[in-house]
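Me: I'd like a close look at one part of this model, with the neighbouring pieces brought in where they help. Here is the structure.

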Amino acid sequence: MAYSTTVTIDGTDVTTYIIEYTVVDTEDDFSTCELIMSNGVFSLIDFDTQATIIVTRTIDAVTQTLFRGSVSTIKKVGAANIDVDCYDKLWLLDRKSLTKTYDKNIDTQAGVISAIAKDIIETHGGLTSNETSTGAVNTLDKYYALNKSLYSMLSELKTIVNYGLYYDPAADEVNFKPRGSSSLSTTLTTGVNILNIPIWEYDYTRIANIVTLTGDLHEIETTELFSGDGNETEFTLSRTPESVKVFVGGTLQAGGVTGQDTGFDYTIDKEN
């Protein structure tokens with residue numbers, strides 16, 4: 001069996017300087033790569049953080065891309081070696097932030113969650129998306145992001161539809177796809193192809209007795225008119241206000257807090 005590994009930094013082959021490498025693939029988080037290298041690599045190429053790292057493995061003339069990402073840290077190890085830590089391209093989405101509203105009735109995504117994810121990945125993240133449609137039934141009327149990282153936005157969306165989020169280094173794509181399982185034709189039977197008695201594991205992490213939904217605050221200004229006779233000093237509003245402006249005869253009055261302010265014209269009792 002012919003076996004070889006190739007490591008490139010910004011397109012330059014640095015395999016001869018590699019002492020050891022470790023690639024850890026994870027779903028719903030950044031995959032990582034750690035390279036222990038001879039510091040002689042700097043005689044070949046001068047690189048810094050965010051340099052592009054690609055690790056490939058070839059077995060019997062079949063090449064597989066194990067990792068594709070960016071350098072995050074470079075540390076000196078001993079007198080002659082360096083430790084290079086890398087993250088895959090999901091990390092790049094975590095380093096970009098966005099303020100945006102996706103409106104079902106205005107934007108082309110029409111509230112479809114997978115379409116919103118695709119726009120975040122491609123338009124704002126500059127990467128390629130490979131997504132499975134979430135359909136036009138369970139959609140979002142509005143999705144708000146106020147200076148959020150692209151990765152955190154995608155994490156919120158995937159949680160809503162129970163999707164997986166991961167980067168495929170071979171295809172160079174960010175996958176936004178359903179969690180699922182594979183079907184096999186083989187029937188598993190205890191004592192035949194199951195040698196031990198199964199030990200069941202119960203996972204209650206996605207079970208809840210009470211679910212609380214907290215929405216955003218939207219301020220709507222309304223006007224209520226009252227006729228005073230000089231003696232009546234209390235007026236009841238139809239709704240509990242967040243903020244109030246009071247005009248008398250077209251003149252803006254000064255509000256205040258009883259026991260705290262002086263020289264004011266009115267106070268607001270939100271409790272009653």
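Me: In β12, which residue is the bridge partner of D168? Please start there and walk me through the sheet and the helices around that strand.

Reply: Happy to, with one reminder: this is a predicted model.

The residue you are after is E173, which is the bridge partner of D168 in β12. That bridge belongs to the pairing of β11 with β12, which is antiparallel and extends over six bridges. On this sheet packs α3, in touch with both β11 and β12, and its direction makes about 140 degrees with that of β11.

Now for the sheet as a whole. It is an open one, made of three strands in the order β9-β12-β11, and its pairing is mixed. β9 and β11 (163-168) are the edge strands with a single partner strand each, so one side of each has no neighbour in the sheet. On average, neighbouring strands here are turned by 15 degrees against each other, direction ignored.

Next comes α2, which lies across β9 and β12 and runs at about 170 degrees to β9. This helix covers residues 113-124, twelve residues, and spans 16 Å from first C-alpha to last, close to the 16 Å expected at 1.5 Å a residue. Its buried residues are I113, S114, I116, A117, D119, I120 and I121. As background, an α-helix has 3.6 residues a turn, so residues three or four places apart point the same way. The buried residues of α2 have several packing partners: the strands β8 (97-103), β9 (129-131), β10 (142-149) and β12 (173-178), along with the helix α3 (150-161). Just after α2, G126 adopts a positive phi of about 75 degrees.

The two helices deserve a look as a pair. In general, two packed helices are described by the angle between their axes and the distance between the axes. For α2 and α3, the angle is about 165 degrees and the axes are 10 Å apart. That makes the two helices, α2 and α3, roughly antiparallel, and their crossing is left-handed. From α2, the residues I113, I116, A117, I120, I121 and H124 take part in the contact, meeting L150, M153, L154, L157, I160 and V161 of α3. Five of the names on the α2 side, I113, I116, A117, I120 and I121, are also among the buried residues of that helix.

Two asparagines in this part are worth selecting in your viewer. N147 is in strand β10, and its phi is near 55 degrees, a positive value in a residue other than glycine. N147 is exposed, at a relative accessible area of 54%. N162 sits in the loop between α3 and β11, and its phi, near 60 degrees, is likewise positive in a residue other than glycine. With 34% relative accessibility, N162 counts as partly exposed.

For context, the model also has another open sheet, with seven strands in the order β2-β1-β5-β6-β7-β4-β3 and antiparallel pairing. Its edges are β2 (12-13) and β3 (18-24), each with a single partner strand, so one side of each is left without a neighbour in the sheet. Starting from the β2 end, two bridges join β2 to β1 (residues 3-9), and the two strands run antiparallel. Within that pair, D13 in β2 is the bridge partner of T8. β1 is also joined to β5 (residues 52-59) by seven bridges, again antiparallel, and there T5 stands opposite R57 in β5. β5 in turn pairs with β6 (residues 62-77) in the antiparallel sense over eight bridges, with I59 opposite V62 in β6. The hairpin of β5 and β6 has two residues between the strands, and D60 in that hairpin takes a positive phi near 50 degrees.

A last stop in this second sheet is T56, which is found in strand β5. T56 is buried, with a relative accessible area of 16%. Leaving aside residues up to four places away in sequence, T56 touches S4, T5, T6, T63, Q64, T65 and L66.

Technical notes: Residues are numbered from 1 along each chain as its sequence is written. This is a predicted model: local features need pLDDT of at least 70, side-chain atom pairs count only at pLDDT 80 or more; totals for chains, interfaces and linings use all residues. Side-chain values use heavy atoms; hydrogens and water are left out. Helices (H or I, at least four residues) and strands (E, at least two) are DSSP runs, numbered from the N terminus. The expected span of a helix is 1.5 Å times one less than its number of residues. Buried means under 20% relative accessible area, exposed over 50%, partly exposed in between (1.4 Å probe, protein chains only). Contact means heavy atoms within 4.5 Å. Two strands pair if DSSP finds at least two bridges between them. Axes are lines fitted to C-alpha atoms, for helices over the stretch in contact, and angles run from 0 to 180 degrees between N-to-C directions. Angles under 35 degrees count as roughly parallel, over 145 as roughly antiparallel, 65 to 115 as roughly perpendicular and the rest as oblique. A crossing is left-handed if the near helix is turned anticlockwise from the far one by less than a right angle, and right-handed if clockwise.
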